[in-house]
Amino acid sequence: MEPAGADAGERASGLEAPAAAADRLFLVKGGIFLGTVAAAGMLAGFVTTLSLAKKKSPEWFNKGSMATAALPESGSSLALRALGWGSLYAWCGVGVISFAVWKALGVHSMKDFRSKMQSVFPAIPKKSESAAEWEEALRSK
């Protein structure tokens with residue numbers, strides 16, 4: 001006959017495994033969503049800027065779109081190269097800052113990080129009155 005504690009331990013570990021898989025799936029879905037939103041925002045900003053530049057001065061826009069003897073590199077390729085390097089620097093900078101904060105706090109998982117942040121920062125009160133304050137602040141005078 002098995003002890004009663006052994007069966008309860010097996011059930012507890014069996015329940016934890018699907019929860020961990022669900023948490024991981026949630027994180028993956030969240031990462032995909034945030035990546036998609038960021039990419040769409042970057043694309044929309046780039047297209048909007050290009051269309052605004054073309055509308056503002058079409059002849060200068062067309063001059064910059066092809067390489068000439070005076071300009072060995074076209075404006076669009078220069079802009080794409082600058083966008084690539086800027087994006088690389090931004091991603092690396094955020095990664096380094098995030099890693100430094102992670103190590104400085106001495107956490108080992110996202111749950112540890114969340115509990116550490118909750119202990120460092122004050123709790124945000126959940127009041128329905130705050131919406132009225134924002135409406136007053138944003139009301140035009």
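This report walks through the helices, the surface and the ring pairs of one chain.

**Ground rules**

What you see is a predicted model, where local features need pLDDT of at least 70, side-chain atom pairs count only at pLDDT 80 or more, and totals for chains, interfaces and linings use all residues. Residues are numbered from 1 along each chain as its sequence is written, and side-chain values use heavy atoms, with hydrogens and water left out.

**Confidence**

The score to know is pLDDT, the predictor's confidence in each residue, from 0 to 100. Its average over the chain is 80, and 76% of the residues score at least 70. Helix α3 has the highest confidence, with a mean of 90, while helix α5 (residues 130-138) has the lowest, at 68. Where pLDDT is low, the predicted coordinates should not be read in detail.

**Helices**

There are five helices and zero strands here, so called from DSSP runs (H or I, at least four residues, for helices; E, at least two, for strands) and numbered from the N terminus. Along the sequence that reads α-α-α-α-α.

Take helix α3, which covers residues 75-105. The expected span of a helix is 1.5 Å times one less than its number of residues. For the 31 residues of α3 that gives 45 Å, and the end C-alpha atoms are 44 Å apart, which agrees. Right after α3 comes Gly 106, with a positive phi near 70°.

**Surface**

How much of the chain is buried? Just 2% of the 141 residues are, where buried means under 20% relative accessible area, exposed over 50% and partly exposed in between (1.4 Å probe, protein chains only). The chain exposes about 12,500 Å², with 69% of that supplied by carbon and sulfur atoms. Such areas come from the Shrake-Rupley method with a 1.4 Å probe, and for residues only the protein chains shown count as cover.

Leu 34 sits in helix α1 (residues 4-56) and is exposed, at a relative accessible area of 58%.

**Ring pairs**

Rings of Phe, Tyr and Trp (its six-membered ring) pair if their centres lie within 6.5 Å; planes under 30 degrees apart are stacked, over 60 edge-to-face and the rest tilted. That rule gives two aromatic pairs. In one, Trp 85 and Tyr 89 have ring centres 5.8 Å apart and planes at 35°, so the pair is tilted. These two are four residues apart in helix α3, about one helical turn.

In the other, Trp 102 and Phe 113 have centres 5.8 Å apart and planes at 20°, so they are stacked. This pair links distant parts of the chain, 11 residues apart: Trp 102 is in helix α3, Phe 113 in helix α4 (residues 110-120).

How open is each ring residue?

| Residue | Relative accessibility | Class |
|---|---|---|
| Trp 85 | 46% | partly exposed |
| Tyr 89 | 57% | exposed |
| Trp 102 | 24% | partly exposed |
| Phe 113 | 24% | partly exposed |
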